[in-house]
Structures are given as structure tokens and as C-alpha cells.
Amino acid sequence: MTPDQYCQQKASQSGSSFYYSFLFLPPVRRRAITALYAFCREVDDIVDECTDANVARTKLAWWRNEVAALYAGKAQHPVAQALATVVTSFKLPQARLLEIIDGMEMDLTRRRYADFTALKLYCHRVASVVGLLSAEIFGYSDPRTLVYAENLGMAFQLTNIIRDVGEDARRDRLYLPLDEIARYDVAVTDIMHARAGAGFRQLMDFQIERALGYYRDAFAALPAVDRKAQRPGLVMAAIYQTLLAEIRADGIPVLTQRTSLTPLRKLWIAWTTWLKG
């Protein structure tokens, strides 16, 4: 299996909406974004799958060294090998890849966030940085496109948080800001034990509106000249906004179930959004 094939398998097996967003890219950019996505999956899986935090830290430290080796032309891991031409061709900064690892490492030390300011740093590292790197791969001519990418990454991560509240709670993780939980008179223990009352619905409505606000800010910042190049992000936004609408229509059952769209529906949204340009 070649490095590119490894990355392709990693991406396709995930079933992520991100995968559908770059299906229609030209081969060179598609291989590049697939390699970046595979990198994100590799480091994210370490945190999700390692039950021992010290083992996870050791593995993330290995990846920090591997990123350094990648930029020194000595990559060993197939994902890093696939990224070797990508970081050069698209001028991806080494610091950005390390920042993604910083974000993943936060999951080893923090299971609660006092307020949105603290949560925003986490979202920036694990999602907005990916958006900024993706924008480089897709191509842009107006620097305002980076504002779009930053906001879109934030919107995506907030959507993930909303969708996965119950799943995260079962791992003793809570990404809803504690001060906002208190504001809506919701007990943290109720969230952790999947007990949803009226206050929880109001809390989640607020989270959904915040995410939608970031989508609006992203779209407003995207210059017309770069819209076509940045279509993959628009595809994923269409899929994720549909997901938020489904969650809301179902009564926000995020504590007990994980709402998802079928692969066929994702593909249809991706295709129709891509055609619209």
C-alpha cells in the first residue's frame, strides 16, 4: 500500500462529512487534502482510543518528532510521507500541524471548559487551523478567505460538539461552557447522566444559534473571487447545516442518540452544492 493509498483508506473508512467535501476536487488537490485529513485522524484517534493518558502523550510526542522529520525530508509514517510533497507544494507551515497536535493534547488535560473563551482556543486548534491549511490547499487570491476559513472551522467544531454531547459525556468529556450551562439552570450531572429538561433544550438552542452565526460570518467573509476554489468548504457547510437542522427537528436528542445523515444523502448534498458553485 502506497502512502497515498493509506491516506485514502483512512479517509474513506471514517465516513466523515469532510471526506465527501473533497470528492470532486482535481486529483492533486484531492490527494493533498486527503493526506491532511489522514494526519488529523491519526492524531485524533490517539486521544480517542488510548485509555492511558501517558501512552497517548508519548504517541503525540512521537508525532511531533515525525512532523519535524517530515519538514526535514525524513518522514517515516505513511501519512507523513504522503504529506511530504503537500507541505512543499502548498507551503503549509510546520507550526500549524503542531498546533493541531496541541489541540488534541488538550483532551488529555481538560475535560471541562469554564467559558467560551477557553473553548474557543480548543476549537481553533483542532478545527480552525485545519480550515486555514485547507484553504491553502484549495487555493485563494484574497486574504479575506482566511477569515472565512477560520470561522468555518469554528462552525464545524461547534457542530461536532452539539452532535456529540451524549457521546462525549459517556467519555466524561463536556465541551459545553460551564458558565452557559449554569445560565440555563442545567446541572452538569444531568448532562452526564443523559437527563434532558427544558433548560437543556434552551441551552442547546443557544449552542446551535452560535454555530449558525459562525457559518453566516464565514459566508460573509468569503470573497466572490475565491468562492469556486473554496467549494469543498461550502459542501461540508451544507452537509453540517443540514445535520443541525435534523438535530433541531428531532427535538435535540443529543444526550441519547447521535444524529447522522446517510452516505447517499451526504453525497447528494455534496454534488448539488458543488454544481451550484
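The following paragraphs describe the aromatic contacts, the charged pairs and one nonpolar surface patch of this structure. The model is predicted.

A pair of aromatic rings is described by the distance of the centres and the angle of the planes. Across the whole structure, the search finds 17 aromatic pairs. One of them joins Tyr-113 and Tyr-175, whose ring centres are 6.0 Å apart and whose planes make an angle of 25 degrees. This pair is classed as stacked because planes under 30 degrees apart count as such. The two tyrosines come from distant parts of the chain, 62 residues apart. Tyr-113 belongs to the loop between helix H6 (94–109) and helix H7 (116–138), while Tyr-175 belongs to the loop between helix H9 (165–169) and helix H10 (178–183). Both Tyr-113 and Tyr-175 are buried.

A further pair is formed by Phe-116 and Tyr-214. Here the ring centres lie 6.4 Å apart and the planes meet at 45 degrees, so the pair is tilted. This contact also links distant parts of the chain, with Phe-116 in helix H7 and Tyr-214 in helix H12 (residues 198–221), 98 residues apart. Phe-116 has a relative accessibility of 15% and therefore counts as buried. Tyr-214, at 13% relative accessibility, counts as buried too.

Phe-116 has a second kind of contact: the charged end of Arg-210 sits over the Phe-116 ring, 3.8 Å from its centre. A contact of this kind also involves Arg-183, whose charged end sits over the ring of Phe-206 at 5.6 Å from the ring centre. Elsewhere, one aromatic cluster is made up of Phe-18, Tyr-19, Tyr-20, Phe-22 and Tyr-37.

Attention now turns to the charged side chains. Side chains of opposite charge can pair when their charged atoms come close. The count for this model comes to 20 salt bridges. In one of these, the side chains of Arg-64 and Glu-105 meet at 2.6 Å, N to O. Arg-64 lies in helix H4 (residues 53–71) and Glu-105 in helix H6, so this salt bridge ties together parts that are 41 residues apart in sequence. Arg-64 is partly exposed, with a relative accessible area of 23%, and Glu-105 is likewise partly exposed, at 22%.

Another salt bridge joins the side chains of Arg-258 and Glu-167, at 3.3 Å from N to O. Because Arg-258 lies in the loop between helix H13 (231–249) and H14 and Glu-167 lies in helix H9, the pair ties together parts that are 91 residues apart in sequence. Arg-258 is partly exposed, with a relative accessible area of 43%; Glu-167 is also partly exposed, with 28%.

Asp-190 and Arg-195 form a salt bridge as well, with an N to O distance of 2.8 Å. Asp-190 is partly exposed, with a relative accessible area of 25%, and Arg-195 counts as partly exposed at 44% relative accessibility. Salt bridges can also share partners: through such bridges, Lys-10, Arg-41, Glu-42, Asp-44 and Asp-45 are joined into one network.

The last feature lies at the surface. Trp-268, Trp-271 and Leu-275 make a nonpolar surface patch of about 380 Å². Of these residues, Leu-275 lies in helix H14 (residues 263–276). Leu-275 counts as exposed because its relative accessibility is 55%, and exposed means over 50% relative accessible area.

Key:
Residues are numbered from 1 along each chain as its sequence is written. This is a predicted model: local features need pLDDT of at least 70, side-chain atom pairs count only at pLDDT 80 or more; totals for chains, interfaces and linings use all residues. Side-chain values use heavy atoms; hydrogens and water are left out. Rings of Phe, Tyr and Trp (its six-membered ring) pair if their centres lie within 6.5 Å; planes under 30 degrees apart count as stacked, over 60 as edge-to-face and the rest as tilted. Helices (H or I, at least four residues) and strands (E, at least two) are DSSP runs, numbered from the N terminus. Buried means under 20% relative accessible area, exposed over 50%, partly exposed in between (1.4 Å probe, protein chains only). A charge sits over a ring if NZ of Lys or CZ of Arg is within 6 Å of the ring centre and within 35 degrees of the ring normal. Patches are made of residues with over 30% relative accessible area and no salt bridge: like charges are joined within 9 Å, nonpolar side chains (Val, Leu, Ile, Met, Phe, Trp, Tyr) within 5 Å. Accessible areas come from the Shrake-Rupley method with a 1.4 Å probe; for residues, only the protein chains shown count as cover. A salt bridge is a side-chain nitrogen of Lys or Arg within 4 Å of a carboxyl oxygen of Asp or Glu.
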